[in-house]
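Trainee: Could you take me through this model and the terms used for it?
Mentor: Yes. Ask as we go.
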There are 2 protein chains.
Amino acid sequence: MLEPKPDRRVQRTRELLLDALVHLLMERGYEKLTVQNLLDRAGVGRATFYAHFQSKDELLASSIARLQFELSAQWRSAAKTQGEPAERLGFSLPFFLHLDSHRRIYHTTICRDGEWTIELHMQRMLRELVREDLQRFERARSNSAAIDLAVGYVVATLWAVVEWWLGGSKPVPPEEVNQIFQRLALPGLDALIGSGR
Amino acid sequence: MLEPKPDRRVQRTRELLLDALVHLLMERGYEKLTVQNLLDRAGVGRATFYAHFQSKDELLASSIARLQFELSAQWRSAAKTQGEPAERLGFSLPFFLHLDSHRRIYHTTICRDGEWTIELHMQRMLRELVREDLQRFERARSNSAAIDLAVGYVVATLWAVVEWWLGGSKPVPPEEVNQIFQRLALPGLDALIGSGR
DNA sequence: TGTGTTTTCGAACATACTGTTCGGCAGCGG
DNA sequence: CCGCTGCCGAACAGTATGTTCGAAAACACA
């Protein structure tokens, strides 16, 4: 009975605010976004907002959490469909596919200057995915410092590819971007915790 | 005669503000830092501040520009000392040495959550260094899109190593970190614009 | 359909920071 | 030593945040 009473009003308000956030992300970007903008767009009272979220940052966190849940489920199901041990860094293709299917949103939000909060939350999410992936393949064969570095390295590489992809003019298909990312990240990853050392 | 009259008062004010910035970076971090804090710390009038800088962001930019100038000179002189064609990605060792010699400052500033502006400025600086380095070794053999990706990749990798280094507990010497960085970045870099393709 | 509870509304409020303006004053260069 | 230039500091408008309150609406349950 963790969530026994989802009052319709509560659900309505939360969804109104989450929707308003997504739409306003494209128009104004996250940093320039004010709570008042959200209230106007969502048609929600000021006091109501703060009854649900402590800040606009928590609203964003809630939105990213929802995304992570969807991504995770999508990944899991894809892995089960095509045999047990999925590809190494196999989470990346679903991720690129997701970005591609919401290209409009991510292009305007990620490629804007100073959208650090979004980067922060998304990278935190990716970090968890990568760590999960690494632990599946390298069963504690390396010390934790090396794993920390590896996680940071992979996420940084992935993010560099994403920024390049979304910022570029040529429409590269997600499968190809995924291949580029893997060819970029795997050699360095091997040098850290793969075969050698 | 680009800078003919460095009035003592002007110089004094600028240095007071730049010093105040550095000290307050360690105490409060950049994001939580207010203009008022700078004024109090530097003992400078509000109007005076805005006579010199449009915002606290411009003050930071000014500080990073000074750093870039010093780094660049340091790199150049090191290259001339030990022969002509410096190492590939040879700018990285001076950079790590610089971070190490100001460890206190960078540890507290870079490892703090949400210090995006500093990251932004420093990565912009690093991007220029990397691009310069790449153009010295790959003389327009690759298309510009690949070079853009390579620059982003190298800077992202470098930054991941820096964050890991400064955030870690064990005191790894800068030369070793530099080696780790190069072993991490060079294979991927080769895959992009090196031998193949 | 009625009843007691929960949520929302709207407006007002205290607080904090930004960026600008102005006259008077101090320190500067020559 | 004088004229000029940059500084001070206080005040101001503008904007955003986060909180409070009572009244009104929507709800769950019966």
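Mentor: Start at DNA strand D, where α3(B) supplies the largest share of the nearby surface, four residues. The model is predicted, so local features need pLDDT of at least 70 and side-chain atom pairs pLDDT 80 or more, while totals for chains, interfaces and linings use all residues. Residues count from 1 along each chain as its sequence is written, chains are lettered from A and ligands numbered from 1 in the order written.

Trainee: What makes α3 a helix here?
Mentor: Helices are DSSP runs of H or I, at least four residues, and strands are runs of E, at least two, numbered from the N terminus.

Trainee: Which residues come nearest to DNA strand D?
Mentor: A:Ala47, B:Thr13, B:Gly45, B:Ala47 and B:Thr48, of the 22 around this strand. A residue counts as near if its C-beta atom, placed from the backbone, lies within 6 Å of the strand.

Trainee: How do the residues of that surface divide by type?
Mentor: Seven are nonpolar, seven polar and eight charged. Charged means Asp, Glu, Lys and Arg; nonpolar means Ala, Val, Leu, Ile, Met, Phe, Trp, Tyr, Cys and Pro; the others, Gly among them, are polar.

Trainee: What surrounds DNA strand C?
Mentor: 22 residues, the closest being A:Thr13, A:Gly45, A:Ala47, A:Thr48 and B:Ala47. Here α3(A) gives the most, with four residues.

Trainee: Why are the two copies said to be related as by a two-fold rotation axis?
Mentor: Chain B superposes on chain A by a rotation of 179° with 0.0 Å of shift along the axis, at RMSD 0.1 Å. The two copies are thus related as by a two-fold rotation axis. The fit is by least squares on C-alpha atoms of residues with pLDDT of at least 70 in both.

Trainee: Why do the copies meet through the same surface?
Mentor: Because 100% of the interface residues of chain B are also interface residues in chain A.

Trainee: What makes a nonpolar core?
Mentor: Buried Ala, Val, Leu, Ile, Met, Phe, Trp, Tyr and Cys residues, joined through C-beta atoms within 7 Å. The largest has 62 residues; B:Val154 and A:Val161 are among those with the most contacts inside it. To this core α8(B) gives the most, with 14 residues.

Trainee: Why is A:Arg124 called partly exposed?
Mentor: A:Arg124, in helix α7 of chain A, has 14 other C-beta atoms within 10 Å. Buried needs 20 or more, exposed 12 or fewer, and partly exposed lies in between, with C-beta atoms placed from the backbone. So A:Arg124 is partly exposed.

Terms used: Contact = placed C-beta atoms within 7 Å.
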